[in-house]
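Work through the exercises below with the sequence and the structure at hand. Try each task before reading its solution.

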Amino acid sequence: MSWLKKIISLPRPQQRRQMPDGVWLKCPRCGEILFRQELERNLWVCSRCSKHLRLSPEQYVRILCDEGSFATLFGGIRSSDPLRFRDAREKYSDKVKRAQRGDPEREGVMTGRARIAGIPLALAVMDFSFMGGSMGSVVGERIAKLIQLALQERMALIIISCSGGARMHEGIYSLMQMAKTCAQLARFQAARLPFISVLTDPTTGGVSASFAMLGDVIVAEPGALIGFAGPRVIRETIGQELPSGFQRTEFLLEKGFIDQIVPRHQLREALALLLKHFSDSARCTRVSQSVPPREPRMHGQ
Amino acid sequence: MPGGWLEFELPLVQLEQRIRDLQTLAGKQGPDVADELRSLERKADRLRRKIFSKLTPWERVKLARHPRRPYTLDYIQHLFTDFFELHGDRAFGDDAALIAGLGRFEGRPVAVVGHQKGRNTKENLRRNFGMPHPEGYRKALRVMKLAEKFGNPMLSFIDTPGAYPGIGAEERGQSEAIARSIREMSALKVPILVFVTGEGGSGGALAIGVGDRVYVLEYSFYSVISPEGCASILWKTREKAAQAAEALKFTAPELLKLGVIDQVLPEPPGGAHRDGAAMARTIGETIRGALAELDELTPEQLVERRQDRFLSMGVFDGGTSGKEIE
């Protein structure tokens, strides 16, 4: 049974960066033992129950963007500790340092330029492994800056959300990032540029209650937890168990709050289709290099 | 909480009662009590200063949640004439936790939104303790658009523990309602004045809080999370709420230092609940002054400055746009 020792449970988000060398992984939902290479080929979706395992921003970039097209921007915007916040266990600044895992650019979101199917866009991917993808000043500023860039260059905007909400450790500043990102989006959307919001597991709190729910099109991965309040808070407030499937992607589709459920295998294709739709709608000037301009045709030709 | 008073203010309340009793007595019997009255009043002043000059953040939280604190409807009564309440989001229902309506401020037509708590259990069940559902925010947004259409200034009164975390709220899109309200408010082409009159509870507060001016009453607070919620996550017990209240730096003077609000509005001696009319007068003067300033701006300037204001919020390395607390 020595091979069993090699079976490791899925890495906790905190450790995901140092991807385990283990060959086998266990699906957290169905318990299926999965061959790592197989899982990777399957875009980290369980082959038995289709559970979409959480990805890092780098993994999303690899899955979605044209090869070599992604360039990080705004990595120089880094966390500080405006409140000198300290909880029962540690200082916020120490927590941030630990979450950076040696890379000072790491934060709750990675932002940059990219191309999908040849179409240039501004892309933000949230990183749950960094303090639950929580939104503090850095996440808000990077996203606001990215939206500004997309507005200046008339590019489409895609944000892949994965976050527990606002970051408590920066107090009121974190709350204000909701207003900041929404205000920037108001400008962006007034300029008739497309914003596609992709929701993954989980998207809750101050992130779902700001930019994530404001996409011109909103798609979500299957089985993701999406909502305002976390299930535990709701359970404690109302003092009863929650219905099964509550606040999951499928529930949101049924209630009318997302446009489509898109499995990870089809995400690139779906985003490409949407980007092409919007770029052909001739609102973004910098797009459609990949699409030859159509010759105007006359009747009878 | 005997008689709806907080423990730390009770000695003061009792002393003031004694003074009032003595005054009544003096009115009947003559002037012998004048000396004693003066001495008691001095004593009350000293006691009031002693209690209110070094309030802890947790005591301020209690004042902000004081069961006698004036609520939105109280301020509406003091500040506006011809108030006409508007109900319903035109889609699902009406939310009594959030008031909206039209009125006149010193003769000028304005629109008003605000959270509304109840004074007793029965009222609180109806008002849901001031915690709105999505239809509340959608009603507020409807009235904001109405204000924009007719060029009326918007006045917003914030006093909520937060947006309601319940099944119906999630089913009807609490997140979407809040997000949309924040975005639309940031682009509204009329002046918006925001007053945090009690609890500023997170996204449920910010949803009607994107203003050209944001004022916080002296003993109000405005926070990303309730002190109890923060304590239960970071200290693993709600019992540590007082510590979380300190760490979060959410009292009115701290918010001013952090640069996220415009002004702290001083409360009457002993707090807004001791003299609601005086508090309303202070708010009224503030409205008059702010509208005079904002009337100078075009709608486009208003929106641009309001958006710039919120875009500048945050503190980070590699470009700081807020202030740190020393």
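A residue counts as buried when its relative accessible area is under 20%. The model used in these exercises is predicted.

**Exercise 1. Find which stretches of chain A have a pLDDT under 50, and say how they should be read.**

Step 1. Start with the chain as a whole: the mean pLDDT of chain A is 89, and 86% of its residues reach 70 or more.

Step 2. Residues 1-19 of chain A stay under 50, with 39 contacts in the model beyond four places in sequence. Residues 287-301 of chain A are also below 50, and this stretch has 12 contacts beyond near neighbours in sequence.

Step 3. Predicted coordinates should not be read in detail where pLDDT is low.

**Exercise 2. Describe the surroundings of A:Gln100 and decide whether A:Gln100 is buried or exposed.**

Step 1. Locate the residue: A:Gln100 belongs to helix α3, residues 92-100 of chain A.

Step 2. Compare its accessibility with the cut-off. A:Gln100 has a relative accessibility of 14%, so it counts as buried.

Step 3. List what A:Gln100 touches, leaving out residues up to four places away in sequence: A:Arg106 and A:Phe130.

Step 4. Set sequence beside space. A:Ser129 is 29 residues from A:Gln100 in sequence, and their C-alpha atoms are 9.5 Å apart.

**Exercise 3. Examine the salt bridge of B:Asp212 with B:Arg306 and state which parts of chain B this pair ties together.**

Step 1. The closest N and O atoms of B:Asp212 and B:Arg306 are 2.8 Å apart. A salt bridge requires such atoms to be within 4 Å.

Step 2. B:Asp212 sits in the loop between α9 (202-206) and β6 (213-217) of chain B, and B:Arg306 in helix α14 (residues 299-311), so the bridge ties together parts that are 94 residues apart in sequence.

Step 3. Check both partners for burial. B:Asp212 has 7% relative accessibility and counts as buried; B:Arg306, at 1%, counts as buried too.

Step 4. Turn to another group of residues in chain B. Shared salt-bridge partners link B:Arg65, B:Lys117, B:Asp159, B:Glu199 and B:Glu228 into one network. Within it, the side chains of B:Lys117 and B:Asp159 meet at 3.0 Å, N to O.

Step 5. B:Lys117 lies in the loop between β3 (108-115) and α5 (121-127) of chain B, while B:Asp159 is in strand β4 (residues 154-160), so this pair joins parts 42 residues apart in sequence. B:Lys117 is buried at 8% relative accessibility, and B:Asp159 is buried at 3%.

**Exercise 4. Describe the interface of chain B and chain A: how many residues are in contact, and which element gives the most on the side of chain B?**

Step 1. Count the residues: 54 of chain B are in contact with 59 of chain A.

Step 2. Take the area. About 4700 Å² is buried between the chains, and carbon and sulfur atoms give 69% of this.

Step 3. Look at the polar links. There are 17 residue pairs in polar contact between the two chains. The interface has 1 salt bridge; A:Arg187 and B:Asp308 form a salt bridge, with their closest N and O atoms 2.9 Å apart.

Step 4. Name the elements. Those giving two or more residues to the side of chain B that touches chain A include α7 (167-171), α8 (174-186), α10 (227-234) and α14. The most comes from α8(B), with 9 residues.

Step 5. Sort the residues on this side of chain B by type: 28 are nonpolar, 13 polar and 13 charged.

Key:
Residues numbered from 1 in each chain as written. Chains lettered and ligands numbered in written order. Predicted model: local features only at pLDDT ≥ 70, side-chain atom pairs only at ≥ 80, totals over all residues. Heavy atoms only, no water. pLDDT = per-residue confidence, 0-100. Contact = heavy atoms within 4.5 Å. Helix = DSSP H or I, 4+ residues; strand = E, 2+ residues; numbered from the N terminus. Buried < 20%, exposed > 50% of the residue type's maximum accessible area, 1.4 Å probe, protein only. Buried area = accessible area lost by both parts, 1.4 Å probe. Polar contact = N/O pair within 3.5 Å; in protein donor to acceptor, adjacent residues only side chain to side chain. Nonpolar A, V, L, I, M, F, W, Y, C, P; charged D, E, K, R; others polar.
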